[in-house]
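Grab your viewer and work through these short exercises. Try each task on your own before reading its solution.

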Amino acid sequence: MSADAAALIVCESLVRIYQTGPVEVQALQGLDLVVDKGEMVAVVGASGSGKSTLLSILAGVDAPTAGRARVEQWDLLTMSRADRVRYRRHTVGFVRQQTASNLIPYLTAQQMVDLPMTAARTPARERRQRSADLLEALGVGALAGRRPGELSGGQQMRVAIAVALANQPHVLLADEPTGELDTATSAEVFGALRDVNRDLGVTVVVVTHDPAVSGQVERTVSIRDGRTSSEVLRRTATADDGGTHVIAEEYAVMDRAGRIQVPRDYREALALTRRVRLALEPDHITIRPDA
Ligand SMILES: Nc1ncnc2c1ncn2[C@@H]1O[C@H](COP(=O)(O)OP(=O)(O)OP(=O)(O)O)[C@@H](O)[C@H]1O
């Protein structure tokens, strides 16, 4: 793991199998993911590809079946029950898929942000200050006395993000935070996540279906059939005339054993099936049909 020593999140050949009666579902089938400290990464993929499973594992809510998963110093496969509680309380903040499941209907926004800090035995004065600061930072400072039913969907999501950040976690995990919102509100909530990443230095992993959202982060990881299949990296380039534009480049992800997934449209275009010919050239590798 030496090359990944600086990484905050490292998943290697991660497997999660759900067993319901005689039926086995392989939700993750050897997923690889490395996220560096301070990064903001979008995770995309078709419904059922394993995105929520990955996030639940990183959140310490679900445990992997096999492989490796490390967040900071925590090994998510072997950690004790007591460590798991500490991990969930202090290392990661988790915003769940349904907005409502993050909030408690009879508590005000301020009381909800206060709750995780109370569990962590934070002194009252610090709790008051921090919940006010967090709600303010997320643009809902004026709504601190309102209950979830008195907030719009976008405001509820901002409060949920503030709750997730209450104990100053280093990692924020958000599962489809904009899934139930209209386009404009979704852009606002996503902007709030980017502010959290930039201003508070929190590493953010966000699952999304929304291509407009994933187009706004520097790195998008695609999951297909429970594996990481490709990554898109975006960077801003400056042209000769001084204007800037964003360049997006797609990369296939190679695991430690050297396996990569050839995209379906490439396979179909050249009728690549079970066997292919590989040839090593001075600076690249070619893949040809076996004909
Ligand atoms: N608790 C569970 N028990 C059994 N199977 C499960 C469980 N949770 C998820 N699965 C299955 O694992 C696979 C991956 O599910 P997951 O929810 O991680 O996908 P997803 O990419 O997040 O999908 P969506 O975008 O629809 O939320 C699916 O086939 C799903 O049916």
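## Exercise 1: the ligand shell

Strand 1 (7–20), strand 2 (23–36) and helix 1 (51–58) each put at least two residues into the shell around the ligand. Keep in mind that this is a predicted model.

**Task.** Work out which of these elements gives the most to the shell around the ligand, and how the shell splits by class.

**Solution.**
- Step 1: list the residues around the ligand, which are Tyr18, Thr20, Val25, Ala27, Gly45, Ser47, Gly48, Ser49, Gly50, Lys51, Ser52 and Thr53.
- Step 2: assign them to elements; helix 1 comes out on top, giving three residues.
- Step 3: sort the shell by class, and you get eight polar, three nonpolar and one charged residues.

## Exercise 2: the sheet

**Task.** Find the strand order of the open sheet of seven strands, and say which strands stand at the edges.

**Solution.**
- Step 1: trace the pairings. Strands of a sheet pair through backbone hydrogen bonds, parallel or antiparallel.
- Step 2: read off the order, 6-7-8-3-9-10-11, where the pairing is mixed.
- Step 3: check the ends. Strand 6 (92–95) and strand 11 (244–252) have a single partner strand each, so one side of each lacks a neighbour in the sheet.
- Step 4: get the twist, which averages 20° from one strand to the next.
- Step 5: zoom in on one pair. Strand 7 (residues 171–175) and strand 8 (residues 203–207) run parallel and are joined by five bridges, with aspartate 175 opposite valine 207 in strand 8.
- Step 6: add the helix. Helix 6 (residues 183–200) lies across strand 3 (40–44), strand 7 and strand 8, and it runs at about 155° to strand 8.

## Exercise 3: serine 131 and helix 3

**Task.** Is serine 131 buried or exposed, and which residues beyond its neighbours within four places in sequence is it in contact with?

**Solution.**
- Step 1: place serine 131, which sits in helix 4 (residues 124–137).
- Step 2: count C-beta atoms. The cut-off for buried is 20 or more others within 10 Å; serine 131 has 26, so it is buried.
- Step 3: look for contacts further along the chain, and you find Gln110, Val113 and Asp114.
- Step 4: check one of these by distance. Aspartate 114 is 17 residues away along the chain, yet its C-alpha atom is 6.3 Å from that of serine 131.
- Step 5: turn to helix 3 (residues 109–119), whose buried residues include Gln110, Val113 and Asp114. The buried residues of helix 3 pack against helix 4, as well as helix 2 (81–91) and helix 5 (153–164).
- Step 6: just past helix 3, note arginine 121, with a positive phi of about 60°.

Terms used
Residues are numbered from 1 along each chain as its sequence is written. This is a predicted model: local features need pLDDT of at least 70, side-chain atom pairs count only at pLDDT 80 or more; totals for chains, interfaces and linings use all residues. Helices (H or I, at least four residues) and strands (E, at least two) are DSSP runs, numbered from the N terminus. A residue is buried if 20 or more other C-beta atoms lie within 10 Å of its own, exposed if 12 or fewer, and partly exposed in between; C-beta atoms are placed from the backbone. Two residues are in contact if their C-beta atoms, placed from the backbone, lie within 7 Å. Two strands pair if DSSP finds at least two bridges between them. Axes are lines fitted to C-alpha atoms, for helices over the stretch in contact, and angles run from 0 to 180 degrees between N-to-C directions. A residue is near a molecule or strand if its C-beta atom, placed from the backbone, lies within 6 Å of it. Ala, Val, Leu, Ile, Met, Phe, Trp, Tyr, Cys and Pro count as nonpolar, Asp, Glu, Lys and Arg as charged, and the others, Gly among them, as polar.
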